[in-house]
Amino acid sequence: MGGSCAQRRRAGPRQVLFPLLLPLFYPTLCEPIRYWIPEELVKGSVVGNLAKDLGLSVLDVSARKLRVSAEKLHFSVDAESGDLLVKDRIDREQICKERRRCELQLEAVVENPLNIFHIIVVIEDVNDHAPQFQKDEINLEISESVSPGMGTILESAEDPDISMNSLSKYQLSPNEYFSLVEKDNPDGGKYPELVLQKTLDRETQSAHHLVLTALDGGDPPRSGTAQIRILVIDANDNPPVFSQDVYRVSLREDVPPGTSILRVKATDQDEGINSEITYSFLGVADKAQHVFSLDYTTGNILTQQPLDFEEVERYTMNIEAKDRGSLSTRCKVIIEVLDENDNSPEIIITSLSDQIMEDSPSGVVVALFKTRDRDSGENGEVRCSLSRGVPFKIHSSSNNYYKLVTDEALDREQTPEYNVTIAATDRGKPPLSSSKTITLHITDVNDNAPVFGQSAYLVHVPENNQPGASIAQVSASDPDFGPNGRVSYSLIASDLESRTLSSYVSVGAQSGVVFAQRAFDHEQLRAFELTLQARDQGSPALSANVSLRVLVGDRNDNAPRVLYPALGPDGSALFDTVPRAAQPGYLVTKVVAVDADSGHNAWLSYHVVQASEPGLFSLGLRTGEVRMVRALGDKDSVRQRLLVAVRDGGQPPLSATATLHLVFADSLQEQAPPNTDWRFSQAQRPGTSGSQNGDDTGTWPNNQFDTEMLQAMILASASEAADGSSTLGGAAGTMGLSARYGPQFTLQHVPDYRQNVYIPGSNATLTNAAGKRDGKAPAGGNGNKKKSGKKEKK
């Protein structure tokens with residue numbers, strides 16, 4: 001909003017000055033808007049159209065909240081028209097007392113943007129007071145010896161009005177002995193003097209009664225009267241004379257009551273009682289008579305009350321010296337009160353922002369205030385400062401107005417509010433100061449994204465968990481306030497198929513708790529990864545992502561499965577043939593089992609439950625290999641039966657049983673073996689059932705690195721067994737057994753070491769290379785596999 005400086009008036013004969021409208025902090029200082037009105041206007045009278053003079057439209061009056069402020073508010077603004085109206089009685093004499101120029105200073109305040117304009121309303125005097133004498137009756141004693149031309153000063157009348165409405169002249173009722181002369185006071189006023197025109201004769205007339213009238217210059221004039229009673233006495237022909245017509249003295253306002261400040265002195269050339277002089281105040285205002293006292297015999301003036309420069313800067317008093325013959329003279333005493341720095345500065349907050357956005361740039365106005373010091377000169381010059389450590393600063397405006405603005409970036413999360421102390425100090429010696437503390441609240445902006453408590457989450461969930469159970473909880477914090485800091489959680493990505501993701505897991509939007517939607521199966525799903533998002537409710541919303549890896553732990557929920565020996569196609573049990581000449585250590589056969597579990601839950605051990613001939617065979621604890629302990633005796637049956645239990649390492653362990661039917665024979669016919677291919681597909685993923693090289697004391701690998709070493713050792717063993725330099729001979733894939741069992745006896749008939757070994761981390765078993773069977777072949781005969789349902793001839 002712009003404009004030019006203006007002075008305007010509402011009433012009176014003064015000329016309208018240049019138009020002006022000044023924004024509060026416009027770089028150039030301009031004169032305030034001025035209005036002139038007479039005192040005693042009725043309440044509701046229009047001073048002027050303030051909105052128009054400020055360049056505001058009628059709509060702006062309410063939209064920008066046009067209002068006025070002052071220490072004592074005599075005016076208001078009409079919210080509809082923008083007129084400046086009289087709100088309270090305006091008595092110029094009460095408001096401005098004896099000041100010739102009476103001005104009321106206002107501030108007009110508008111908002112959006114915030115501006116302040118200075119207004120001066122000049123109160124013009126109306127003739128609402130008549131002249132008035134201090135006393136209704138004046139008693140005089142005049143000696144008959146007084147010569148014509150001698151004057152007696154009379155009491156002045158007082159009229160608080162000014163200019164033409166003030167006291168204008170005096171009149172005396174017609175008489176033949178006295179006339180009235182008007183004389184000027186040094187300060188510009190007038191006082192009456194009664195002048196003797198004709199010699200008095202006490203014997204002819206001992207008393208005279210006159211009427212003294214005081215008139216002002218109003219139209220019509222107003223007047224006041226006093227009765228003059230003159231008693232004629234015997235001669236006293238010399239009036240008192242003061243040592244000087246005007247006495248001047250300067251007095252500090254902090255002098256204590258009872259201080260003697262001045263002594264006036266008058267002398268009288270008469271003798272005797274005619275030279276005895278008394279002193280009295282003449283026409284002194286009641287205020288001055290209460291502040292000062294006058295000793296009527298000595299002329300000594302003392303203070304009676306504390307002085308206050310801010311209330312009265314100068315006292316002017318007339319003092320009369322009168323002798324016993326009623327001859328008198330007068331002098332003037334002028335007392336100048338010197339200012340002391342006895343008033344601390346005041347801080348007045350005129351406007352204050354309730355909320356300050358934390359992203360506010362530097363220079364935003366958050367408060368307006370002004371200072372006031374009732375002292376004068378340097379004692380009334382004020383400078384302002386702020387408490388340290390706050391991101392604000394003060395800009396000075398005009399007429400002791402200031403604005404408080406932002407000076408640094410604000411961060412509500414670091415400091416949600418500031419208690420700002422404004423200090424005002426004057427330039428007195430010593431200086432006086434005061435302070436005022438205001439609280440500024442910082443409003444939140446969504447400038448912080450949620451932050452997860454961990455950079456990534458890893459959770460272990462055992463398989464066969466309860467569907468709907470909580471498996472993890474993620475948590476993110478957001479230092480913002482309200483919706484800006486309210487976090488919700490969602491699942492946004494996974495390495496599972498997106499169409500089936502909801503059937504596996506869900507997340508609580510408010511709690512961040514991750515729930516399993518189904519029971520997990522370690523044998524089908526060992527691990528999966530989720531991407532979770534935390535999102536606040538700001539506008540625009542901010543978010544953060546975090547990964548959650550779920551490891552599905554194994555439980556011993558799969559019993560071992562025996563792959564060999566297996567039943568024939570017709571459901572009958574198969575048997576293995578053993579050379580009758582087999583020696584101790586001879587590898588008779590091998591029990592092969594797998595376990596779908598992992599770790600210790602798949603670490604298998606083999607145990608003989610029943611044997612038809614105890615002590616004839618040994619069973620590898622970890623390998624499942626059946627070997628001859630001793631040679632077959634003549635008394636031993638050629639048909640042997642072993643019941644083998646296979647147990648895993650779970651807690652509690654699970655087990656399966658296998659029955660081995662063994663037949664000893666000298667020679668065997670060549671016949672087609674039954675379909676006993678016990679090898680399994682890769683999808684079966686069996687667990688480990690034995691150690692390499694027939695080690696019965698093998699231990700389960702402790703970690704992935706041990707597992708890989710085991711795998712390498714098994715492969716090395718398998719390669720050695722399949723090497724062409726083997727002393728057992730035979731083609732690869734026959735385990736070097738073709739010399740003993742014939743060319744058609746292949747791996748599908750006899751298990752090898754690697755086919756019941758599960759390599760952790762892989763879904764395959766070793767099925768290609770040959771393994772060692774035993775150290776040397778027997779003298780004769782070949783082993784074969786037959787159905788155990790047929791009897792063998794001896």
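A residue counts as buried when its relative accessible area is under 20%. The views below show a predicted model.

**View 1. Two tilted aromatic pairs among the 11 aromatic pairs of the structure.** F133 and Y170 have their ring centres 6.3 Å apart, with 50° between the planes, and the pair is tilted. F133 belongs to strand β8 (residues 132-133) and Y170 to strand β12 (residues 167-172), so that the pair links distant parts of the chain, 37 residues apart. Both F133 and Y170 are buried. The rings of F242 and Y279 also form a tilted pair, at 6.2 Å centre to centre and 50° between the planes. Here the link runs between strand β17 (residues 241-242), which holds F242, and strand β21 (residues 277-282), which holds Y279; the two residues are 37 apart along the chain. F242 is buried because its relative accessible area of 7% is under 20%. Y279 counts as buried too, with 5% relative accessibility.

**View 2. The disulfide between C96 and C102.** The structure has 1 disulfide by the rule applied. A disulfide is a covalent bond between the sulfur atoms of two cysteines. In the link of C96 to C102 the S to S distance is 1.9 Å. The link is right-handed, with 70° about the S-S bond. C96 is buried at a relative accessible area of 1%, and C102 is buried with a value of 1% as well.

**View 3. Surroundings of I334 in strand β25.** Strand β25 covers residues 328-338 and includes I334. At 6% relative accessibility, I334 counts as buried, because the limit for this class is under 20%. Leaving aside residues up to four places away in sequence, I334 touches V246, Y247, R248 and V249, and also R314, Y315 and T316. N318 lies 16 residues from I334 along the chain, and the C-alpha atoms of the two are separated by 8.8 Å. C331 is likewise buried, at 2% relative accessibility.

**View 4. Charged ends over rings, and a cluster of rings.** R330 places its charged end over the ring of Y191, at 4.4 Å from the ring centre. For R518, the charged end sits over the ring of Y504, and the distance to the centre of that ring is 3.9 Å. In addition, F452, Y457 and Y489 are linked into a cluster by ring pairs.

**View 5. An open sheet of 4 strands with mixed pairing.** The strand order is β35-β42-β41-β38. Strands β35 (456-462) and β38 (487-494) stand at the edges; each has a single partner strand, so one side of each is left without a neighbour in the sheet. On average, neighbouring strands of the sheet are turned by 30° against each other, direction ignored. Strand β35 runs parallel to strand β42 (residues 543-553), and 7 bridges join the two. Within this pairing, V459 stands opposite V550 in β42.

Methods: Residues are numbered from 1 along each chain as its sequence is written. This is a predicted model: local features need pLDDT of at least 70, side-chain atom pairs count only at pLDDT 80 or more; totals for chains, interfaces and linings use all residues. Side-chain values use heavy atoms; hydrogens and water are left out. Buried means under 20% relative accessible area, exposed over 50%, partly exposed in between (1.4 Å probe, protein chains only). Contact means heavy atoms within 4.5 Å. A disulfide is a pair of cysteine sulfur atoms within 2.5 Å. Rings of Phe, Tyr and Trp (its six-membered ring) pair if their centres lie within 6.5 Å; planes under 30 degrees apart count as stacked, over 60 as edge-to-face and the rest as tilted. A charge sits over a ring if NZ of Lys or CZ of Arg is within 6 Å of the ring centre and within 35 degrees of the ring normal. Two strands pair if DSSP finds at least two bridges between them. Axes are lines fitted to C-alpha atoms, for helices over the stretch in contact, and angles run from 0 to 180 degrees between N-to-C directions.
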